[in-house]
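I wanted a short record of what I looked up in this structure. The entries below are in the order in which I went through the topics.

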Amino acid sequence: MTTDTTLERKEFQAETQQVLRLVIHSLYSHKEIFLRELISNASDACEKLRFEAIGKPELLGGDELSIRLKVDPDAGTLTVADNGVGMSREEVVDNLGTIARSGTKRFLETLSGDAAKDAQLIGQFGVGFYSAFIVADRVTVISKRADADAVRWESSGEGAYEIGPEARADRGTEVILHLREDDKEFLEEWRLRELVRKYSDHLGVPIVLESRGKRETLNQAKAFWTRPKAELTTDDYQGFFKHLVHGEDEARAWAHNKVEGALEYTSLLYLPKRAPFELFDREHRAGIQLYVKRVFIMDKAAELLPPWLRFMRGLVDTADLPLNVSRELLQNNRTVDKIRAALVKRTLDLLEELAASDAASYAEFWTTFGAVLKEGIIEDPAMRPRIAKLLRLHSTNGTGWVTLADYVARMKPDQKSIFYLTADTETAARNSPHLEGFRAQGIEVLLLTDRIDEWVVNHLREFDGKPLASAASATADVSPAIQTPERIAEEAAFKEPLERLAKALDGKIDRARLSSRLTDSPACLVFAEHGISLRMARILKQAGQNSFESPPILEINPKHPLIMRLKDIPDGAPFTEFARVLFDQALLAEGGELEDPAAFVRRVNQLIVDGLNDKPRILVG
Ligand code: ADP
Ligand code: MG
């Protein structure tokens, strides 16, 4: 209820002004998108009305919902009008005067200064209305909800706006743009026709141009996805994608399907090229749009696709759900479950086709969304084999991507397992001591550096009948199994030093043993057969989770000069100090964090000083 009779002057919220300035500035070279934004808002308003009319059919009455573009060359105004849901005074203040969305802060931080990139961010963050000020030096909005009084809002986009009552009986919204002198081209019929065709042709609401007393419908006014595939071009699909994501982005691929039979629905799924900023924000709702018999029901219906396909965009339109379906209802609904299962398969089909037909494009997809798709290995056992084939990984075989099938094809005749090594970075992985023996034997090792890989390998377990095995596990010994006479001699020579190491590092290691995997490094840590990897233990610790940690096994390289001197080091403090250095450097080499880095530095410095003093033996006395 409002009793004002005069216009009231109000300041924009501080952030709103900042966004407004940025929008005007960054979109200056893409002026025309204002029309897409305003038409998109008008179309949203019509869809909202259709939705409200589900419970209150009298709202729709006999009107046909439409968007009108009204040109007044004498006044220099272009008006975008709709007979959609309209806004109350409070809604006008909230929607046009403040930025309530939490994403706005991030929007401000994300702006790059590159007009083309920023232009595309604008819509993603829902600041579309302000694009009106790119071409208008004054914007008037007149709006009326069916159940509220009409309201008038006006601003020149410079810090303040005025708001007050308005005499208007019809439901809907009019956005009147007082065009700047330089932007009078948007009064031209041909220009408007061209822009509607370019940006808004696919909308389900008719867009009518009213100019010089003539009326002309500019678009097909048929919900895009209901049109036959054969009639639609690549440009049409890309245009609709832009509408869906409110941006300039392109889609990489899409699948448009009409299903009839026990279940009746149309789906249009898009694989975007770029990742949304919130891709890894688990709090953020993702998902596709749900329509019931052409009526927009909800955005981000997370139930229609599993979280591991949250990068997909698109919609489902079905006749098999009630119009008043709620989010709660979607959660335990057999129809929804069936549709979701079908959409998962369809998405995997799409990815498989892309991988087969355009490896470069698939590699780009993988770089952008691969880490998300990997979640499917963990979350969906039934789809695991299909997802496994879609994985792209790095390995010691070159620097490009490899597939598990490539790897298996290159396996040595007597090689039983698919070996992998997890590490925080690719460099750390490539230089890891664990790989020395594999390299010497010419055995390929997969290098996994996404955090999620630790979980992926725990769930994938095998591919093509070949088990996955960590190159850093105690059992991953690639040396020939035969005990050479040389080895037997080494075992005897190191029996005692190994026992002393185990004693000196009691509590830190499970045991010490001779390594056959090391060629260059003195020592490394491996984890016990059924233990979790050291990196996994670190990740869990960082996440504040206590893991069941069994101590690692210390492996030493009997051919390394440092290790060969081991037996000469006297017992007691000197040996303990040396053992600690050995353990700490093995931990560092594997990407671990030292418990007491300062002590490590002190010990290493002491060893250097001893070396410089040219003592015949390290740490004597
Ligand atoms: P977005 O469309 O992404 O929400 P906009 O800046 O384009 O962001 O619009 C802000 C809000 O203003 C909309 O969410 C809507 O609530 C309201 N709005 C804008 N135009 C209209 C309209 N023609 N009819 C009803 N509401 C509108
Ligand atoms: Mg909008």
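These are my notes on strands, cysteines and one helix.

Entry 1, status of the model. I am working from a predicted model.

Entry 2, strand 2. I looked at which way the side chains of residues 67-72 point, and they alternate along the strand. I67, L69 and V71 are buried on one face. R68, K70 and D72 point to the other face and are not buried.

I then looked up the partners of strand 2. Strand 3, residues 77-82, runs antiparallel to strand 2 and is joined to it by six bridges. L69 has V80 as its bridge partner in strand 3. The two strands form a hairpin with four residues between them, and G76 has a positive phi near 70° there.

Strand 2 also pairs with strand 8, residues 207-211, this time in the parallel sense and over four bridges. Opposite L69 I find L209 of strand 8. Opposite K70 I find E210 of strand 8.

Entry 3, strand 8. How many residues of strand 8 are buried? I count five of the five, so the strand is largely enclosed by the rest of the structure. I207, L209 and S211 point one way, V208 and E210 the other way, and all are buried. I set this beside strand 2, where R68, K70 and D72 are not buried.

Strand 9, residues 214-217, pairs with strand 8 in the antiparallel sense over four bridges. V208 stands opposite T217 of strand 9. Strands 8 and 9 make a hairpin with two residues between them. In that turn I noted R212, which has a positive phi of about 45°.

Entry 4, the sheet of five strands. I wrote down the strand order as 15-17-16-19-18; the sheet is open and its pairing is mixed. Which strands stand at the edges? They are strand 15 (394-395) and strand 18 (462-463). Each has a single partner strand, so one side of each is left without a neighbour in the sheet.

Within this sheet I checked one pair of strands. Strand 16, residues 418-422, and strand 19, residues 466-470, are parallel and share three bridges. F419 stands opposite A469 in strand 19.

Entry 5, cysteines. I looked for disulfides and the structure holds zero. I also looked up the accessibility of two cysteines. C46 has 0% relative accessibility and C524 has 1%. Buried means under 20%, so C46 counts as buried, and so does C524.

Entry 6, helix 22. I checked the length of this helix, residues 597-612, against its residue count. At 1.5 Å a residue its 16 residues should span 22 Å, and the end C-alpha atoms are 23 Å apart, which agrees.

Which residues of helix 22 are buried? They are A599, F600, R603, L607 and D610. Seen down the helix axis, the buried residues fall within an arc of 105°, so they line one face of helix 22. The general rule I had in mind is that an α-helix has 3.6 residues a turn, so residues three or four places apart point the same way.

On the other side of helix 22, I find A598, R602 and L612 exposed. Last, I looked up what the buried residues of helix 22 pack against, and that is helix 21 (573-589).

How values were computed. Residues are numbered from 1 along each chain as its sequence is written. Chains are lettered from A and ligands numbered from 1 in the order in which they are written. This is a predicted model: local features need pLDDT of at least 70, side-chain atom pairs count only at pLDDT 80 or more; totals for chains, interfaces and linings use all residues. Side-chain values use heavy atoms; hydrogens and water are left out. Two strands pair if DSSP finds at least two bridges between them. A disulfide is a pair of cysteine sulfur atoms within 2.5 Å. Buried means under 20% relative accessible area, exposed over 50%, partly exposed in between (1.4 Å probe, protein chains only). The expected span of a helix is 1.5 Å times one less than its number of residues. The arc is that of the directions from the helix axis to the C-beta atoms. Contact means heavy atoms within 4.5 Å.
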